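Thank you all for coming; I would like to walk through one model this morning, taking a helix pair and then a sheet. Please have the sequence and the coordinates open as we go.

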Amino acid sequence: MKVIITGASRGIGKAIALKLQDTHSLVLHASRDENLETLWNELKNNKNHEKLCADFSNAEELKNFCRAVKKNYSKDLYCVINNAGITIDKALIYQPEDEIDRMLQLNLKAPIMISKAAFKVFHSKKKGIIINISSVIGELGNAFQSVYAATKAGLTGFTKSLAREAGELSETNNLRIISVSLGYIETGMTKKIPESFKAKYKSHIPLKRLGQASEVAGVIAFLLSDEASYINGSDIKINGGII
């Protein structure tokens, strides 16, 4: 059964791909094919997997990606993991409209449209999983990330509502929609954060450390398993107990 992972070229998406590579057939997304080269070479048997690239900031490419989801994977699609997204940290009063539009497009509209395409596939089969990667910032807020926070809060609300829709549209189904809200996770992006800022973040985390991408991937693997079959419409928090 196929699992689509958007934003699979690095960080969280890459960790998820490496975790699932032996148990699922993966459809790996990045904005450009060359971005997947490193991951592709690390896969043990990439003959079981494929690539589906698109720049989600381009409306036409996003439409084509969604068409491909419905056309190419209607028989064997098992899960879509909406992981791709960006943050452009800046005080709102200095944030250009094009940056606001870019975050809204990539972090919120793209997952909504991809979920719509996948939902059509899953609704006909009465089975499937959509996992939206959200953020603790969507719940707690953070200075200089107002727009990013809005997109992630929106994604969590979207997840809960779509789960309810699935139940209303069919009396019997095994269609689950889940969001996973991440705290501060060690990735290439967080490595660029000055140590003084990291120390500040850690002071608010009871575990006193940043999370690892592999820890996120482990939770995702569980959510795809039969053991998680009653988890639906939930926001799973992976944040070290951040307060």
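Is the crossing of α3 and α4 left-handed or right-handed? It is right-handed, in the sense that the near helix is turned clockwise from the far one by less than a right angle. Before going on, I should say that this is a predicted model, in which local features need pLDDT of at least 70 and side-chain atom pairs count only at pLDDT 80 or more, while totals for chains, interfaces and linings use all residues. Residues are numbered from 1 along each chain as its sequence is written, and side-chain values use heavy atoms, with hydrogens and water left out.

Helices here are DSSP runs of H or I with at least four residues, and strands are runs of E with at least two, numbered from the N terminus. Helix α3, residues 59-72, packs with helix α4, residues 97-125, at an angle of about 25 degrees, their axes being 8 Å apart; that makes α3 roughly parallel to α4, a term for angles under 35 degrees. Axes are lines fitted to C-alpha atoms, for helices over the stretch in contact, and angles run from 0 to 180 degrees between N-to-C directions. Among the residues in contact (heavy atoms within 4.5 Å) are Leu-62 and Phe-65 of α3 and Met-113 and Ile-114 of α4.

Turning to the sheet, 7 strands form an open, parallel arrangement in the order β3-β2-β1-β4-β5-β6-β9, where pairing requires at least two DSSP bridges between two strands. The edge strands are β3 (50-51) and β9 (235-238). α4 also packs on this sheet, touching β4, β5 and β6, and its direction makes about 165 degrees with that of β4.

How values were computed:
Angles under 35 degrees count as roughly parallel, over 145 as roughly antiparallel, 65 to 115 as roughly perpendicular and the rest as oblique.
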